[in-house]
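Dear colleague,

I am handing over the structure below, together with some notes on what was found in it. Please read the notes with the coordinates open beside you.

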Amino acid sequence: MIKKVIQKYLQEVCKKNGINDNFTTIELEYPNNPKFGDYSTNIALQLSKIQKKSPLDIAKKIIKNLPQDKNIEKFEVVKPGFINFWLSKKFLTTELKNIINDRIFYPLVSFGKNKKVMVEFAHPNTHKLFHIGHLRNISIGESLARILEVVSNNVVRTNYQGDVGLHIAKCLYQLQKIKEKIKSLKTLEEKIEIIGKAYTQGQKAYESDKSAKEEILKINKMIYEGDPLILPLWQETRQWSLDYFSKIYSRVNTQFDRLYFESEMTKRAIEICHQLLKKGILEKSQGAIIFNGKKYGLDTRVFINASGFPTYEGKELALAEKEFTDFGEIDKCIHVVTPEQTSFFKVTFKVEELISPKTYKDKQYHLAYEWVELKTGKMSSREGNIIEANWLIDEVKKRIQERFKSEDKIAEILAVSSVKYSFLKNSIKNKIAFDIEESISLEGNSAPYLLYTFVRTQSLLKKAKQSMEKINDMTIKEFEEFIILQDELLLLRLLHQFPQVIEKAAINFAPNLIANYLYNLAQKFNLFYQKYPIIKEKEPIRNLRLAIAIATGKIIKNGLYLLGSKTVEKM
RNA sequence: GAGUCCGUAGCUUAAUUGGAUAGAGCAACUCCCUUCUAAGGAGUAGGUUGCGCGUUCGAAUCGCGCCGGACUCACCA
């Protein structure tokens with residue numbers, strides 16, 4: 001990467017001048033304003049503190065000693081003491097040719113020697129609806145998985161689903177009463193609807209009716225113990241949920257390498273916790289087995305409750321054991337989970353580290369993404385205001401079809417990508433105040449805008465009726481020659497940033513950086529499209545502009561892929 | 001009570017992790033389709049980045065103190 005080259009130059013110059021600086025890497029960033037060039041460093045500003053000299057003088061001195069390079073057009077010193085670098089046309093056109101020939105060089109961002117990274121996401125509970133919060137989660141998880149893959153990691157997608165617990169007992173309590181009705185259900189939709197209603201009613205009964213509460217607690221125990229009286233109903237309804245989930249997964253372009261279930265953790269969780277008790281990592285307290293976090297500045301949490309059942313914490317240890325052995329050595333396991341579980345993860349990660357530092361230390365990571373709330377407040381099954389994932393996608397699809405008369409297949413892709421994009425364009429650490437009108441936009445910074453821009457590029461190519469060969473035949477030198485507009489150069493400079501944006505997105509686990517970049521690129525391209533003729537332009541220049549359009553299309557397509565979305569050829 | 005996170009235009013938000021004139025999109029108002037797809041483009045208006053003090057060449061970003069909100073802190077998942 002050219003960035004690395006410039007960094008090396010700067011380092012060498014600093015060395016020559018006897019600046020044995022403490023910073024091992026020299027900061028080099030692309031400025032947000034194109035008038036400051038393609039790369040910029042603040043090194044002189046930082047050095048001025050140490051050397052107690054004017055930053056401008058230091059910058060000028062550095063510049064004097066920089067070597068010539070064909071890829072760098074010029075460098076200059078600006079106001080407070082920045083050094084800005086401008087890439088040459090030759091370099092930018094080489095990059096352009098690479099992109100249109102599908103040679104996009106993604107940087108390497110690896111998390112360990114085995115480069116095996118697990119992304120654990122989605123996490124719906126059976127017997128409950130898959131709602132827009134899960135949709136945000138799955139959008140982030142899938143995008144992250146794709147980003148990490150493209151920067152050379154071997155990614156494993158997993159999903160830990162809750163299929164035991166009080167919420168299920170509440171649901172089954174209600175379902176037991178309508179066993180006959182259940183038999184008559186045919187479609188999956190009907191079944192899911194019944195489950196949802198049963199859960200809500202069970203929840204109400206649990207709160208208001210004492211005998212119901214007792215009954216539910218009993219059912220909960222029966223589920224844990226695999227009591228044959230409840231097992232068939234549990235298995236059947238559980239399977240309904242799983243079928244329903246797997247339909248959603250494929251609808252939103254996700255596949256998991258392994259589904260984990262809470263129910264498979266119970267037995268092993270108890271074993272592990274008792275071993276840890278013997279080792280002194282866990283201790284007994286008030287009939288429960290707990291981890292005393294005080295020593296480590298952490299919370300104290302219960303792993304086995306007083307009735308002998310493992311809590312979520314206990315089960316997490318069994319899960320970790322499976323996750324870190326099922327696929328060989330794991331270098332990083334990223335848990336995509338909301339932030340209220342921070343205390344929980346801090347504690348379980350600590351316990352795991354105490355079990356085996358080699359396996360777990362610095363390898364577990366809680367990627368906290370924020371909630372999707374409704375503008376009117378929180379979603380809750382009690383209020384009956386849960387927005388179900390399929391409902392949302394269907395609703396968006398309907399709107400797209402009404403407004404643009406798109407055919408079904410295209411509307412489906414547009415709807416799915418609109419919904420996913422609307423979650424991904426925001427930073428993961430911001431709560432989303434969801435409102436269907438505002439949140440799922442079909443214009444402005446939205447998936448349809450990007451797809452529309454992509455379709456434009458494809459349509460240009462088709463209309464040009466020109467084989468790629470003609471464009472490929474043009475030499476870099478010819479391309480260089482026919483760049484006549486600053487706006488062309490601007491697009492080339494932007495296109496060249498793509499791999500670095502991916503790098504940043506990978507390092508920071510931030511898909512929104514890609515969304516922002518794509519939007520910026522699409523805006524610049526659309527402006528260009530409006531201002532200048534492309535296929536109406538005469539031959540040599542026309543080829544250059546077509547090449548820019550093709551490259552823009554490729555970058556958008558690749559970028560959207562990394563955001564977990566497909567593209568369409570027409571709209 | 002202790003801790004974690006958040007507060008940017010009317011609304012939804014971005015800002016390369018301390019950089020250069022705080023960018024967008026909705027909504028409002030003006031324009032641009034006999035011209036490569038108007039799901040597009042150009043423009044106007046909208047900001048004391050919750051408030052105050054500090055750190056420094058430089059703060060939305062870091063520190064401290066307020067104000068407001070969310071979450072967590074022992075047997076739910």
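The notes that follow take up the domains, the RNA surface and two helices.

Please keep in mind throughout that this is a predicted model. Chain A is divided into domain 1, covering residues 2–87, and domain 2, covering residues 391–562, and the C-alpha centres of these two domains lie 33 Å apart. To the contact between them domain 1 gives five residues and domain 2 gives four residues; on the domain 1 side, these divide into three nonpolar, no polar and two charged.

RNA strand B is surrounded by 81 residues, the closest being N32, G165, N305, E340 and G444, and the surface near this strand divides into 34 nonpolar, 32 polar and 15 charged residues.

Helix α9 (residues 210–225) has 16 residues, which at 1.5 Å a residue should span 22 Å, and the 23 Å between its end C-alpha atoms agrees with that. Its buried residues are I216, I219, N220 and I223, and, seen down the axis of α9, they fall within an arc of 105°, so they line one face of the helix. These buried residues pack against α6 (166–176), α8 (188–208) and α10 (231–251), whereas the face turned away from the buried side carries the exposed residues K210, S211, E214 and E225. Just after α9, G226 takes a positive phi of about 70°.

Helix α16 (residues 408–424) reaches 24 Å from its first C-alpha to its last, close to the 24 Å expected for its 17 residues. Since 13 of those 17 residues are buried, α16 is largely enclosed by the rest of the structure.

With best regards

Methods. Residues numbered from 1 in each chain as written. Chains lettered and ligands numbered in written order. Predicted model: local features only at pLDDT ≥ 70, side-chain atom pairs only at ≥ 80, totals over all residues. Domains from an automatic or database assignment. Contact = placed C-beta atoms within 7 Å. Nonpolar A, V, L, I, M, F, W, Y, C, P; charged D, E, K, R; others polar. Near = placed C-beta within 6 Å. Helix = DSSP H or I, 4+ residues; strand = E, 2+ residues; numbered from the N terminus. Expected span 1.5 Å × (residues − 1). Buried ≥ 20, exposed ≤ 12 C-beta atoms within 10 Å, placed from the backbone. Arc of directions from axis to C-beta.
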